[in-house]
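Let's work through a few exercises together. Have the sequence and the model open beside you, and try each task before reading its solution.

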Amino acid sequence: MSHEQELEQKLKDFGCSDEFIKICMYYKEIYKSEIDIEEFVEYVEDEFAKVEDEQFKKAEQQVDASALFGEIEGEEEL
């Protein structure tokens, strides 16, 4: 059984969803068989949360919603 297959099986046995297992595969290089699978899952959750937070911050910076609530050209205020 390869390193990747072993990790995937341990994650399935631990009760992880297929979607989460896909995320874990991005971090497979970090996993060592001596590491408790629960510790690895917690690490992946923390790291992935950081990635999501960073993506959210970038998206916030790219979107200027103030124009969305502005007056439409030619529209009069009520």
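The exercises below go from the fold to the cysteines, the salt bridges and a surface patch.

This is a predicted model, in which local features need pLDDT of at least 70 and side-chain atom pairs count only at pLDDT 80 or more, while totals for chains, interfaces and linings use all residues. Residues are numbered from 1 along each chain as its sequence is written, and side-chain values use heavy atoms, with hydrogens and water left out.

**Exercise 1.** Work out how many helices and strands the chain has.

Solution. Start with the DSSP runs, numbered from the N terminus: helices are H or I with at least four residues, strands are E with at least two. The chain then has 3 helices and 0 strands. Read from the N terminus, the order is α-α-α.

**Exercise 2.** Find out how many disulfides there are.

Solution. First, recall that a disulfide is a covalent bond between the sulfur atoms of two cysteines. The test used here asks for a pair of cysteine sulfur atoms within 2.5 Å. Next, take Cys16: its closest cysteine sulfur belongs to Cys24, 5.6 Å away, so the pair is too far apart for a bond. The count is therefore 0 disulfides. Finally, check burial (buried is under 20% relative accessible area, exposed over 50%, partly exposed in between, with a 1.4 Å probe and protein chains only). Cys16 is buried at 14%, and Cys24 is buried at 0%.

**Exercise 3.** Look at the salt bridges of Glu6 and Glu47, and name the partner of each.

Solution. A salt bridge needs a side-chain nitrogen of Lys or Arg within 4 Å of a carboxyl oxygen of Asp or Glu. The whole structure holds 5 of them. Glu6 pairs with Lys10 at 3.4 Å, N to O; both sit in helix H1 (residues 3–14), 4 residues apart, about one turn of the helix. Glu47 pairs with Lys50, with 3.1 Å between the closest N and O atoms. These two lie in helix H3, 3 residues apart, again about one turn. Now compare accessibility: Glu47 is partly exposed at 21%, whereas Lys50 is exposed at 53%.

**Exercise 4.** Decide whether Glu39 is buried or exposed, and name the patch residues around it.

Solution. Glu39 belongs to helix H3 (residues 37–62). Its relative accessibility is 51%, so Glu39 counts as exposed. Together with Asp36, Glu38, Glu42, Glu45 and Asp46, Glu39 forms a negative surface patch. Patch members have over 30% relative accessible area and no salt bridge, and like charges are joined within 9 Å.

Technical notes:
Patch = residues over 30% accessible without salt bridge, like charges linked within 9 Å, V, L, I, M, F, W, Y side chains within 5 Å. Areas by Shrake-Rupley, 256 points an atom, 1.4 Å probe, with all protein chains shown as cover. Lys, Arg positive; Asp, Glu negative; His and termini not counted. Charge placed at Lys NZ, Arg CZ, Asp CG, Glu CD.
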